[in-house]
Amino acid sequence: MRFDMILALLHLGYRWLNRDKILLIKLMGVVGLHGFIGALIAIPVVGYLCLIVYKTPGLCKMIVDTGIDLVKTGKLRVEAFNEIVDAVKA
């Protein structure tokens, strides 16, 4: 066989495999399994990341403090914007 014929056959086989994968994914989407499989992959990953955060000393407190600072800053910005709105209305 010539080299170009071999490449053509390999490409045809790849297209058939790829088509079957796409059909399988679409079928799983109809049944709802693609979300289930995604959750099976995502839940352990998120759990592992939470474990890393939990085991790092001081990181939980730093994250909470940063969140509280963001909330306070946001509240100050909203109050400043309210003053601008009141000045424009008057």
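This report walks through the helices, the surface and the cysteines of the structure above.

**Overall layout.** Welcome to a predicted model. Its chain contains 3 helices and 0 strands, and read from the N terminus the elements follow the order α-α-α. Of the chain's 90 residues, 1% count as buried.

**The surface.** About 8,300 Å² of the chain is exposed, and 75% of that area comes from carbon and sulfur atoms. One feature to look for is a nonpolar surface patch of about 1,100 Å². Its makers are Leu33, Phe36, Ile37, Leu40, Ile41, Val45, Tyr48, Leu49, Leu51, Ile52 and Tyr54. To find your way there, start from Val45, which sits in helix 2 (residues 33-55). Val45 counts as partly exposed because its relative accessibility is 46%.

**The cysteines.** How many disulfides does the structure hold? There are 0. A disulfide would need two cysteine sulfur atoms within 2.5 Å. For Cys50, the closest cysteine sulfur belongs to Cys60 and lies 9.0 Å away, so the two are too far apart for a bond. Seen from the other side, Cys60 has its closest cysteine sulfur in Cys50, again at 9.0 Å and too far for a bond. Both residues are set out below, with their relative accessible area and the class that follows from it.

| Residue | Relative accessible area | Class |
|---|---|---|
| Cys50 | 47% | partly exposed |
| Cys60 | 36% | partly exposed |

In short, the chain has 3 helices, a nonpolar surface patch that includes Val45, and 0 disulfides.

Conventions
Residues are numbered from 1 along each chain as its sequence is written. This is a predicted model: local features need pLDDT of at least 70, side-chain atom pairs count only at pLDDT 80 or more; totals for chains, interfaces and linings use all residues. Side-chain values use heavy atoms; hydrogens and water are left out. Buried means under 20% relative accessible area, exposed over 50%, partly exposed in between (1.4 Å probe, protein chains only). Helices (H or I, at least four residues) and strands (E, at least two) are DSSP runs, numbered from the N terminus. Accessible areas come from the Shrake-Rupley method with a 1.4 Å probe; for residues, only the protein chains shown count as cover. Patches are made of residues with over 30% relative accessible area and no salt bridge: like charges are joined within 9 Å, nonpolar side chains (Val, Leu, Ile, Met, Phe, Trp, Tyr) within 5 Å. A salt bridge is a side-chain nitrogen of Lys or Arg within 4 Å of a carboxyl oxygen of Asp or Glu.
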